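Hi,

Here is the structure I said I would pass on. Have a look first, and then read on for what turned up in it.

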Amino acid sequence: MIENYEKYLEFISEKINGFFERQKPYIKCRKGCAKCCKNAEFPYSFIEFKYLLSGFLTLDKEIQDIIEAQILAVVEAKKKFQGEKFLYDCPFLINDVCSVYPYRGIVCRTFGLIIQKKENETANKVPFCIHEGLNYSMVLDEEKNIISEKKYKELGISEAPLGFNISHKFLTDIAFEKKYNFEFGEKKTLIDWFENKEKK
Ligand code: SF4
Ligand code: SF4
């Protein structure tokens with residue numbers, strides 16, 4: 001099953017990398033820029049979680065210990081949390097670098113691109129780091145929080161800033177399960193997988 005999931009990953013990664021390539025003039029992603037790995041929820045299906053753990057098992061013991069301590073700290077913080085939406089820094093991030101990069105989840109592969117709007121929405125979803133002077137910030141309409149066509153035209157970039165169909169919901173659709181013969185399984189936030197593991 002993991003081999004089939006890897007084939008699917010290869011397929012979507014190639015597509016997503018192609019989107020990044022097309023949007024190159026707007027992209028500021030680089031190793032060590034890890035704002036997208038912080039202060040978020042990180043949706044993960046069961047197979048993504050399993051794959052992430054298989055990456056964890058390839059790491060040196062001392063790195064594993066750091067990650068385990070970080071997981072525990074986030075689980076504890078979540079227990080004490082009283083609000084509606086618990087946001088946290090990914091425990092697999094060490095010194096602003098992903099420790100399990102080849103094994104990262106699907107959502108991690110899409111960080112930084114514009115997500116195409118759903119039918120009932122009025123605008124595409126810009127990446128949060130647009131407000132940090134990063135991806136697409138040069139074409140941001142700050143007042144409306146949308147891409148400014150005027151700014152894009154003024155810059156004279158040939159490729160327009162585009163939204164892509166890359167929501168976690170779409171990328172974990174049953175159609176991919178059928179095509180590649182595997183199952184995503186249940187979906188939760190990354191930390192919930194550990195929280196529930198602890199309870200067992
Ligand atoms: S798994 Fe890696 S890429 Fe994904 S949020 Fe965690 S540190 Fe970032
Ligand atoms: S998506 Fe944004 S925050 Fe993440 S690496 Fe790219 S530029 Fe940095």
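By class, how many nonpolar, polar and charged residues does the shell around ligand 2 have? The shell has seven nonpolar, two polar and two charged residues. Keep in mind while you browse that this is a predicted model.

**The ligands**

If you want to find that shell yourself, the residues around ligand 2 are K28, C29, C33, K35, C36, F111, G112, P127, C129, L134 and N135. Around ligand 1 you will find C37, F42, C90, F92, L93, C98, V100, R104, G105 and C108. By class, that shell comes to eight nonpolar, one polar and one charged residues.

**The overall picture**

Zooming out, the protein has eight helices and eight strands. Its C-alpha atoms fill a box of roughly 55 × 40 × 35 Å along the principal axes. The radius of gyration is 18 Å, which agrees with the value near 16 Å for a compact globule of 200 residues. Buried residues account for 22% of the 200 residues. As for contacts between residues at least 6 apart in sequence, 70% of them join residues at least 24 apart.

**The cores**

In soluble globular proteins, nonpolar side chains tend to be buried together. Here, the largest nonpolar core has 22 residues, and Y5, F42, Y44, L190 and W193 have the most contacts inside it. Four helices each supply at least two residues of this core: α1 (2–22), α2 (46–56), α4 (106–110) and α8 (190–199). The one that gives the most is α8, with four residues. L190 is worth clicking on: setting aside residues up to four places away in sequence, L190 touches F42, Y44 and C90. F42 and C90 are also among the residues around ligand 1.

There is a second, separate core as well, made of nine residues, including Y26, L113, V126 and I130. Y26 sits in the loop between α1 and β1. Is Y26 buried or exposed? Y26 is buried, because 26 other C-beta atoms lie within 10 Å and 20 are enough to count as buried. Apart from neighbours within four places in sequence, Y26 is in contact with N135, Y136, M138, V139 and P161. Of those, N135 also appears among the residues around ligand 2. F56, on the other hand, is 30 residues from Y26 along the chain, and their C-alpha atoms are separated by 32 Å.

**Two asparagines to look at**

Most residues other than glycine have a negative phi. N39 has a positive one, near 55 degrees. N39 is in the loop between α1 and β1 (43–45), and N39 counts as exposed because it has 11 C-beta neighbours inside 10 Å. N95 also has a positive phi, of about 50 degrees, although it is not a glycine. You will find N95 in the loop between β2 (93–94) and β3 (97–98). With 8 C-beta neighbours inside 10 Å, N95 counts as exposed too.

**One more stop**

A175 lies in helix α7 (residues 174–180). Why does A175 count as exposed? A175 has 8 C-beta neighbours inside 10 Å, and a residue with 12 or fewer is exposed. A175 and Y51 are 124 residues apart in sequence, and from C-alpha to C-alpha they are 20 Å apart in space.

Happy browsing!

Conventions:
Residues are numbered from 1 along each chain as its sequence is written. Chains are lettered from A and ligands numbered from 1 in the order in which they are written. This is a predicted model: local features need pLDDT of at least 70, side-chain atom pairs count only at pLDDT 80 or more; totals for chains, interfaces and linings use all residues. A residue is near a molecule or strand if its C-beta atom, placed from the backbone, lies within 6 Å of it. Ala, Val, Leu, Ile, Met, Phe, Trp, Tyr, Cys and Pro count as nonpolar, Asp, Glu, Lys and Arg as charged, and the others, Gly among them, as polar. A nonpolar core is a set of buried Ala, Val, Leu, Ile, Met, Phe, Trp, Tyr and Cys residues joined through C-beta atoms within 7 Å. Two residues are in contact if their C-beta atoms, placed from the backbone, lie within 7 Å. The radius of gyration is taken over C-alpha atoms; the globule rule is 2.2 Å times the number of residues to the power 0.38.
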